[in-house]
Amino acid sequence: MVQNTRTETDSLGPIEVPASAYWGAQTQRSIENFPFPATERMPIAIIHALAIVKQAAARVNRQHGLPAEIADAIETAAAEVVAGKFDDQSRWSSGRRAAARNPT
């Protein structure tokens with residue numbers, strides 16, 4: 001079966017990413033170069049907590065000149081992450097995975 005993709009680019013050049021994915025080139029490279037079971041993912045509580053931090057940062061930065069349109073977009077996206085809308089999109093990055101297995 002052929003999967004629809006889109007082309008993302010980073011400092012290494014273009015790479016095909018599944019069209020339905022919310023991640024970009026670097027996460028796709030990590031998935032391809034450091035394969036791991038689909039069941040092994042970043043703990044969702046960490047993802048939700050990071051979204052709360054992003055939401056708070058948008059609120060604070062709005063008070064310090066961040067345009068309201070951008071702050072609103074960040075707050076909306078963060079609220080959607082916290083609500084679990086993108087829970088299926090979380091992936092380990094190679095560095096986080098290694099750190100989780102070898103805490104020092």
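Contact here means heavy atoms within 4.5 Å, and the legends below use the word in that sense for a model that is predicted.

**View 1. The whole protein chain, made of helices and strands, is shown from end to end.**
The predicted model contains 4 helices and 2 strands in the protein chain, and, read along the sequence, these elements follow the pattern β-β-α-α-α-α. Of the 104 residues of the protein chain, 25% count as buried. The accessible surface comes to about 7200 Å², and 58% of that surface belongs to carbon and sulfur atoms. Among contacts in the protein chain with a separation of 6 or more, 42% are accounted for by residues 24 or more positions apart.

**View 2. Strand 1 and strand 2 form a hairpin.**
Strand 1, which runs over residues 5–10, pairs with strand 2, residues 13–18, in the antiparallel sense over 6 bridges, and 2 residues lie between the two strands of this hairpin. One position to look for is arginine 6, whose bridge partner in strand 2 is valine 17.

**View 3. Valine 17 is shown with its contacts and with the largest nonpolar core.**
Leaving aside residues up to four places away in sequence, valine 17 touches Asn4, Thr5, Arg6, Glu8, Trp23, Gly24, Ala25 and Gln28. The contact with Arg6 accompanies the bridge that pairs arginine 6 with valine 17. Valine 17 also belongs to the largest nonpolar core, which has 5 residues and is completed by Ile15, Ala21, Trp23 and Ala25; of these, Trp23 and Ala25 are among the residues that valine 17 touches.

**View 4. Helix 2 has buried residues on one side and exposed residues on the other.**
For the 19 residues of helix 2, a rise of 1.5 Å a residue gives an expected span of 27 Å, and the end C-alpha atoms are indeed 27 Å apart, which agrees. The buried residues of helix 2 are His48, Ala51, Gln55 and Ala58. They cover an arc of only 75 degrees around the axis, and therefore sit on the same side of helix 2. In an α-helix there are 3.6 residues a turn, so residues three or four places apart point the same way. On the other side of helix 2, Ala45 and Val53 are exposed, whereas what covers the buried residues includes helix 3.

**View 5. Glutamine 55 of helix 2 is shown with the residues it touches.**
Glutamine 55 lies in helix 2 and has a relative accessibility of 14%, so this residue counts as buried, the cut-off being under 20%. Not counting residues up to four places away in sequence, glutamine 55 touches Glu75, Ala78 and Ala79. Of these, Glu75 and Ala78 are listed with the buried residues of helix 3.

**View 6. Helix 3 is shown with its buried face and the glycine that follows.**
Helix 3 covers residues 68–82, and its 15 residues should span 21 Å at 1.5 Å a residue, which agrees with the 21 Å between its end C-alpha atoms. Its buried residues are Ala71, Glu75 and Ala78. Seen down the axis, these residues fall within an arc of 65 degrees, so they line one face of helix 3. What covers them includes helix 2, residues 44–62. Aspartate 72 also has its place in helix 3, but is partly exposed, with a relative accessible area of 37%. The C-alpha atoms of aspartate 72 and arginine 62 are separated by 8.9 Å, the two residues being 10 residues apart along the chain. Helix 3 is followed by glycine 84, whose phi is positive, near 90 degrees.

Methods
Residues numbered from 1 in each chain as written. Predicted model: local features only at pLDDT ≥ 70, side-chain atom pairs only at ≥ 80, totals over all residues. Heavy atoms only, no water. Core = buried A, V, L, I, M, F, W, Y, C linked by side-chain atoms within 4.5 Å. Buried < 20%, exposed > 50% of the residue type's maximum accessible area, 1.4 Å probe, protein only. Expected span 1.5 Å × (residues − 1). Arc of directions from axis to C-beta. Pairing = 2+ DSSP bridges. Areas by Shrake-Rupley, 256 points an atom, 1.4 Å probe, with all protein chains shown as cover.
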